[in-house]
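Please open the structure in a viewer and keep the selection panel at hand. The tour below proceeds by selections, each followed by a description of what is found there.

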Amino acid sequence: MARRGLGTWLREGVWEIPLRRYLALLVAACLVAGLVLAVRTLAHDDRSCAPGVARPKDSDECVGVATTAYDFGHPELRDTVRAIERENGRLKPGSYVTVALMLPYTATATASLSDILHELQGVFVAQYRANHGSNGEAPAIRLVLANPGATGAHWRQMVDRLARMTTTSDRLRAVAGVGQSTDNNQEAVRELTRRGIPVVGSSITADDLANGQGGKDPYPGLARVSPTNTDEARALASFAKVGAGKALLVYDKPGDPYTRTLQKSFAALIKGSPYEPQPFTPPADRTQEGTTANTFRQITHLVCDTSKETDTILFAGRHTQLRQFINALGGRGCQERKFTVLTGDEGSYLTGEKDLNRGALGHNLAVRYTALAHPDAWVRDPARSGGSAADARVLQEQLASAERRPVGPIGPVALDDGQLIIAYDAFQLAVHGIREAVPDGRKIPALTDVGLQWPQVKGSLRVDGASGWICLDVHGNPYDKAVPIVELSPEGGSRFVRIAWPEGKPPAKECLPPS
């Protein structure tokens, strides 16, 4: 019995019981480790939004390059992005190159979203025409959407993604659009062109977001379809005959690339004015309201204090502040005096602005702006050169078919703000550069060759845009581009007034910029 007791004790005390303990501890440890792993997996913050698009660690915005029918959370874009995906889906592998449309797709301001929708529609129509109405010219064009964020703050992430796409089967060959002339967009364009990626700006107008200033080209490979602020101001001056003693300048301080160059151009027009320019300081994000409405109420008093000969106000600011200023002028004390506000293409954002006091426009106040394009321009003011109603009609015909499958639908279309038209033309220019760069016997151009085509876009190689002829100088800027003068209507929308020209008259039929 003693022997059996000792054996049992040895077996249970020394071997089996500790073993069971160790096994239990091991199982418990595995369970704990598995639980920790499961918790970590469940707690992991998935930052992806769609293929090519993700949320940065410091933001909830989905930024990057969308290659599928992703609408960035905006249902109003859904029809158009689905139409783009259908068109992209029919392209044969190896037959196409890619063009990215860079816009702030995660913007939330109503005016900005309207602009984005219209540019997206215009670019899709141009893509479809390039792939189906060009007699089989190669390569085919695939369209993707590049988003640097609502304010462009995440441009680096977007640029890195676009740069990778130039060396993959995507064969990215150009970026179009860009959006507004802001500091972030300026940096994005600088980096894109530094990496050899051609850029075609649609609505950028700032002089310092262009090549050729001071004889330098800081953005090699950049082309634009819109005139610079200086050219717009020159066209406005030729139309309005602005006099130094009759105008007051109101401007954004410290400004951004668009407002600063517009201010400089306006100041040059009224050099020697007896009135000190009046500044206002908006929020850094100029789509926000801020407190500038208070400043504008004060400025309206100064407007009324000017001499009775003063009848023009030059406004160098963004559309949110322009709307506030117009509303303030509607309540000015000198209602009996007539004033005309002249401003740049930001005025186009107000064509459908619900917060604009249209009643202000009926009290001896007119608001006119230099539009990038207008659907009535070539119909109501046919010029002998510089553009034609026939070129504008091509776009109208394309839009008429865009609601029918397999093309559309692409959602409700509006042309008054000019954004659809100018985006359509920008994409046409991108396609022109890509196809002109294709070497004999091949179908795909080298990336480096596309941006080299811009200086040759003139004469018989010009692009006959719906907004007017696109004839580029050696720096990639449009020469003597048509500038529609448009007036906001008290009844809503806008009214075309007349085409103006930076050179004071349309370009010659050859459309060759002077040396």
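The stops that follow cover a sheet, two pockets and several backbone features of a predicted model.

**The sheet**

Begin by displaying the strands E1 to E8 as a cartoon. These 8 strands form an open sheet of mixed pairing, and its order is E1-E2-E3-E5-E4-E6-E7-E8. Now select residues 48-50, strand E1, and residues 222-224, strand E8: both stand at the edges with a single partner strand each, so one side of each has no neighbour in the sheet.

Move next to strand E3, residues 63-66, and strand E5, residues 140-147. E3 and E5 pair in the antiparallel sense, and 3 bridges link them. To locate the register of this pairing, select Val65, which stands opposite Ala146 in E5.

Add residues 155-165, helix H4, to the view. Helix H4 lies across E2 (53-54), E3, E4 (96-102), E5 and E6 (172-177). Relative to E3, the helix runs at about 30°.

**The largest pocket**

Which residues lie nearest the centre of the largest pocket? Select Ala150, Thr151, Gln180, Thr182 and Asp285, which hold that position among the 33 lining residues. The space in this pocket amounts to about 570 Å³. Colour helix H3 (110-132) and helix H5 (183-194) next, as these are the elements that give two or more residues to the lining of the largest pocket. H3 gives the most, with 4 residues. Colouring the lining of the largest pocket by residue class shows 11 nonpolar, 15 polar and 7 charged residues.

**The second largest pocket**

For the second largest pocket, centre the view on Arg129, Ser134, Gln428, Val431 and His432, the residues nearest its centre out of the 18 that line it. The volume of the second largest pocket is about 420 Å³. Keep H3 displayed and add helix H11 (389-401), helix H12 (419-436) and strand E14 (463-465); each of these four elements supplies at least two residues of the lining. Which element provides the largest share of this lining? H12 does, with 7 residues. By class, the lining of the second largest pocket comprises 7 nonpolar, 4 polar and 7 charged residues.

**Cis peptide bonds**

Return to the loop between H3 and E5 and select Pro139, which is placed there. The peptide bond from Ala138 to Pro139 is cis, and its omega is near 0°. Then go to the loop between strand E9 (247-252) and helix H7 (257-269), where Pro254 is found. Lys253 and Pro254 are joined by a cis peptide bond with omega of about 15°.

**Positive phi outside glycine**

Select Val178 in the loop between E6 and H5. Although Val178 is not a glycine, its phi is positive, at about 85°. Is the residue buried or exposed? Val178 has 1% relative accessibility and therefore counts as buried, the cut-off for that class being under 20%.

The final selection is Cys511, in the segment after strand E17 (494-500). Cys511 is a residue other than glycine with a positive phi, near 50°. At 1% relative accessibility, Cys511 counts as buried.

Notes. Residues numbered from 1 in each chain as written. Predicted model: local features only at pLDDT ≥ 70, side-chain atom pairs only at ≥ 80, totals over all residues. Heavy atoms only, no water. Pairing = 2+ DSSP bridges. Contact = heavy atoms within 4.5 Å. Axes fitted to C-alpha atoms, helices over the stretch in contact; angles between N-to-C directions. 1 Å grid on protein atoms, 1.4 Å probe; cavity = no way out; pocket = protein on both sides within 12 Å on 5 of 7 lines; lining within 4 Å. Points joined across faces, edges and corners; volume = space filled by probe spheres on them. Nonpolar A, V, L, I, M, F, W, Y, C, P; charged D, E, K, R; others polar. Buried < 20%, exposed > 50% of the residue type's maximum accessible area, 1.4 Å probe, protein only.
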